[in-house]
Amino acid sequence: MLFRSGGINKRAGQGEVADIFASSTDSIDDIAGRRLLAAAPLIVGASRIALGVRANEAAPDISSVEKFKAAMLAAKSLSRGDPAGGGTAGNILVALFEKLGILEAVAAKSILRVGGYKVMTEVAEGRADFGLTQSTEIVAVAGVKIGALLPEDLQVVTRYSIAQGSKAPNAANAARFVAHVGAAEGRAAFSRAGFSPA
């Protein structure tokens with residue numbers, strides 16, 4: 001069994017057993033503190049907030065804070081994570097729009113969806129000019145691409161790790177899997193999935 005982001009810490013705290021834990025590094029560090037890992041976690045990469053567009057279209061220029069703000073105000077429609085859904089990017093973006101003083105204007109043209117996959121489906125199917133979510137969630141959707149990362153002054157980086165559980169029912173297989181992820185082939189797979197080096 002694989003435990004991944006979501007209710008991972010709650011489930012682990014309730015005594016559920018997993019071969020592999022995969023989640024944000026902060027989440028995995030919490031699990032490590034409960035002595036539920038067989039070895040030190042492996043950081044697999046980092047996800048950044050990005051702007052996704054249809055594969056055959058150019059992205060708006062968001063290379064600076066002012067250009068990002070202008071692109072948000074100029075858009076006819078955009079998709080983003082619904083903050084009520086609890087996703088990382090959705091809540092980050094609300095705080096960012098508030099900071100820039102454009103939350104009300106952006107909210108009026110936003111299509112809110114729970115999950116980055118659904119956010120980018122709105123773009124792929126033409127209902128949104130672009131979508132904003134984690135870089136790793138953009139590449140999972142056919143017909144869209146990462147147009148640009150948010151400028152560094154606005155960027156939020158989420159690091160992800162995996163680790164073998166200390167009570168892994170399939171310990172040998174779990175150990176081999178973690179070793180594979182840490183090797184060149186595994187690193188390349190995470191890079192193709194939109195992760196950047198952590």
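Guide: Residues here are sorted by relative accessible area: under 20% is buried, over 50% is exposed, and in between is partly exposed (1.4 Å probe, protein chains only). This is a predicted model, in which local features need pLDDT of at least 70, side-chain atom pairs count only at pLDDT 80 or more, and totals for chains, interfaces and linings use all residues. Residues are numbered from 1 along each chain as its sequence is written, and side-chain values use heavy atoms, with hydrogens and water left out.

Visitor: Why is Arg127 called partly exposed?

Guide: The relative accessibility of Arg127 is 41%. That value lies between the limits of 20% and 50%, so the middle class applies.

Visitor: What makes Arg127 and Glu125 a salt bridge?

Guide: The term needs a side-chain nitrogen of Lys or Arg within 4 Å of a carboxyl oxygen of Asp or Glu. For Glu125 and Arg127 the N to O distance is 2.4 Å, so the pair qualifies. Bridges with shared partners join these two residues to Arg113 and Glu122 in one network.

Visitor: How many salt bridges does the rule give?

Guide: The count is 7. One of them pairs Asp30 with Arg34, with the closest N and O atoms 3.0 Å apart. Asp30 is partly exposed at 35%, and Arg34 falls in that class at 36%. Arg54 and Glu57 also form a bridge, at 3.0 Å from N to O.

Visitor: Are Arg54 and Glu57 buried or partly exposed?

Guide: Arg54 has 17% relative accessibility, which is under 20%, so it counts as buried. Glu57 has 31%, which is not under 20% and not over 50%, so it counts as partly exposed.

Visitor: Why is the ring pair of Phe68 and Phe97 called stacked?

Guide: The structure has 3 aromatic pairs. Rings of Phe, Tyr and Trp (its six-membered ring) pair if their centres lie within 6.5 Å; planes under 30 degrees apart are stacked, over 60 edge-to-face, and the rest tilted. The centres of Phe68 and Phe97 are 6.4 Å apart and their planes meet at 15°, so the pair is stacked. Phe68 belongs to helix α3 (residues 65-74) and Phe97 to helix α4 (residues 88-100), so the pair ties together parts that are 29 residues apart in sequence. Both residues are buried.

Visitor: What makes the pair of Phe190 and Phe195 edge-to-face?

Guide: Their ring centres are 5.2 Å apart and their planes are at 65°, which is over 60, so the pair is edge-to-face. Phe195 is buried, at 17% relative accessibility. Ring pairs also bring in Tyr160, making a cluster of Tyr160, Phe190 and Phe195.

Visitor: Which elements cover the buried residues of helix α6?

Guide: Helices (H or I, at least four residues) and strands (E, at least two) are DSSP runs numbered from the N terminus. Helix α6 covers residues 116-124, and its buried residues include Val119, Met120 and Val123. Their cover includes β3 (42-54), β5 (110-113) and β7 (144-149). After α6 comes Gly126, with a positive phi near 85°.

Visitor: Why can Val139 belong to a nonpolar patch?

Guide: A patch takes residues with over 30% relative accessible area and no salt bridge; like charges are joined within 9 Å, nonpolar side chains (Val, Leu, Ile, Met, Phe, Trp, Tyr) within 5 Å. Val139 has 37%, so it passes the area limit. Val139 sits in the loop between α7 and β7. Together with Ile146 and Leu149 it forms a surface patch of about 200 Å² accessible area (Shrake-Rupley method, 1.4 Å probe).

Visitor: Where is Gln164, and what does it touch?

Guide: Gln164 is in strand β8 (residues 157-164), and it is buried at 17%. A contact means heavy atoms within 4.5 Å. Leaving out residues up to four places away in sequence, Gln164 touches ten listed partners, among them Asp19, Leu37 and Val178. The C-alpha atoms of Gln164 and Leu37 are 5.8 Å apart, although 127 residues separate them along the chain.

Visitor: Why is the chain called as compact as a globular protein of its length?

Guide: The chain has 9 helices and 8 strands. Its radius of gyration, taken over C-alpha atoms, is 18 Å. The globule rule (2.2 Å times the number of residues to the power 0.38) gives 16 Å for 198 residues, and the value is close to that, so the description holds. Of the 198 residues, 44% count as buried.
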